[in-house]
Amino acid sequence: MNSITTPTYSVHFNEKAYVALNSHLAKSNYSKIFILVDQNTHNCCLPIFMSKIEGEYDFEIIEIEQGEINKNIATCTQVWEVLSELDADRKSAMINLGGGVVTDLGGFVASCFKRGIDFINVPTTLLSMVDASVGGKTGVDLGPLKNQVGVINQPQIVVVDTDFLDTLDQRQLNSGYAEMLKHGLITDAAYWEILKGLTGFDNLDEYILRSVAIKNEVVQQDPTEQHLRKILNYGHTLGHAVESYFLESKEHELLLHGEAIAVGMILEGYLSHKLTGLSKNDLEDIKATFLGRYKKVDFEKKDIDTILTLLKFDKKNSHGNVNFVLLKKIGEPAIDIKVSPDLLEQAFAYYAE
């Protein structure tokens, strides 16, 4: 793997990524460099990362609490205050070393501090490698509501080091794998078939590269999500509502992002069968694939009612309408599809069968 180029920056892979990173740091003359981590990446990933850095730099480490529950404005404020206390200026830079919470929040913090300082993303989870590495979406949650506050702003460079995957447990790897499966569902039926057949996560490099390339192709055509880029939200309209509900619920265990999106892709597969022509065979294939890899979630009626209420906060909504990305067939999406409330309840009934 070498690199994938976007209009404004490049995503670099493995050892060649550190060559590119060291070259960038050497020529940029940053006044200070801040490395944002959470507890996990501080312990497991920072030593690996620092061993690859050449040259002497004035690094400052900023640690935030881990988990989606801390991806909020309060955490941003804490980081901004630390940056101020440590005399960060407009020529400073931030390296975001972590999963999607760290890269989303860190990119947002950097984009707003003194009206914008450079940032570099070093994704350390499978999910962040294939999702947050491309596209420039930064931001935080508003209470339990996902990604309600943020900006689209691009990093200077992205470093994808697949050695970091060795620090993850099976559940975290599975969470990222859901996004890769989504890439097949929305653009490439052959890729979907290949991913379905994988039995382990030992040799993912070529598939990570493929997923990043798929996302990059979509984002380049529609960087601000006016049309085509919406297809990346397949499974996310209901999936984000499910994730938000479990994030706030005191009765249920938290769901990881990929676990919630897996639920969303089955639900929205059912809607696709009813509204946009997805075949029964494709629908059953989607359901069997995700339920074969992800534990089935039990929903009570009160859970479903609250989840459907949360749909009104989805970012794709406009003019009071909830807009879905659905599938015509595996590999061919349809955007801006409106769905009636009774069909949404039928989708949950289908999931529960």
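Start by selecting Lys-329 and Glu-332: the two form a salt bridge, with the closest N and O atoms 3.9 Å apart. Keep in mind throughout that this is a predicted model.

Leave Glu-332 on screen and add Lys-328. The side chains of Lys-328 and Glu-332 also meet in a salt bridge, at 3.8 Å from N to O. Now colour by accessibility. Lys-329 has a relative accessibility of 44%, so it counts as partly exposed. Lys-328 comes out at 40%, so partly exposed too, and Glu-332, at 32%, is likewise partly exposed.

While you're on salt bridges, pull up Glu-68, Lys-71, Asp-104, Lys-146 and Glu-243: salt bridges with shared partners join these residues into one network. If you want to hunt for others, a search of the whole structure turns up 22 salt bridges.

Next, go to Lys-302 and Asp-303. Their side chains meet in a salt bridge at 3.6 Å, N to O. Which of the two ends is buried, and which is partly exposed? Asp-303 is the buried one, because its relative accessibility is 0% and the cut-off for buried is under 20%. Lys-302, at 40%, counts as partly exposed.

Time to zoom out. Colour residues 4-167 as domain 1 and 223-352 as domain 2. Taken over C-alpha atoms, the centres of the two domains are 29 Å apart. Where they meet, 13 residues of domain 1 are in contact with 14 residues of domain 2.

Now for the empty spaces. Select Glu-253, Leu-255, Lys-295, Lys-296 and Val-297. What do they surround? The second largest pocket, which holds about 370 Å³ of space; those five are the closest to its centre out of the 16 residues that line it. Show helix 7 (residues 170-187) as well, since this helix gives the most to the pocket lining, with four residues. Colour the lining by class and you'll get seven charged, five nonpolar and four polar residues.

From the open pocket, move on to the enclosed spaces. How many cavities of 30 Å³ or more are there? The count comes to two. Head for the second largest cavity, with a volume of about 40 Å³. To find it, select its lining: Tyr-9, Thr-103, Phe-119, Asn-121, Ala-132, Ser-133, Val-134, Gly-136, Lys-137, Thr-138, Asn-153 and Pro-155. Switch on the cartoon and pick out strand 6 (118-123) and strand 7 (137-142), each of which supplies at least two of the lining residues. By class, this lining splits into six polar, five nonpolar and one charged residue. Lys-137 is among the residues you have just selected.

Last stop: Asp-89. Look for it in the loop between helix 4 (73-85) and strand 5 (93-98). Is Asp-89 buried or partly exposed? With a relative accessible area of 31%, Asp-89 is partly exposed. Show its surroundings and, leaving aside neighbours within four places in sequence, you'll find Asp-89 in contact with Ser-31, Lys-114 and Ile-117. To finish, draw a distance from the C-alpha atom of Asp-89 to that of Ile-194: these residues are 105 apart along the chain, and the atoms are separated by 47 Å.

Methods. Residues are numbered from 1 along each chain as its sequence is written. This is a predicted model: local features need pLDDT of at least 70, side-chain atom pairs count only at pLDDT 80 or more; totals for chains, interfaces and linings use all residues. Side-chain values use heavy atoms; hydrogens and water are left out. On a 1 Å grid over the protein atoms alone, a cavity is a set of points where a 1.4 Å probe fits but cannot get out, and a pocket is an open set with protein on both sides within 12 Å along at least five of seven lines; lining residues have an atom within 4 Å of a point. Grid points are joined across faces, edges and corners, and a volume is the space filled by probe spheres set on the points. Ala, Val, Leu, Ile, Met, Phe, Trp, Tyr, Cys and Pro count as nonpolar, Asp, Glu, Lys and Arg as charged, and the others, Gly among them, as polar. A salt bridge is a side-chain nitrogen of Lys or Arg within 4 Å of a carboxyl oxygen of Asp or Glu. Buried means under 20% relative accessible area, exposed over 50%, partly exposed in between (1.4 Å probe, protein chains only). Domain bounds come from an automatic or database domain assignment. Contact means heavy atoms within 4.5 Å.
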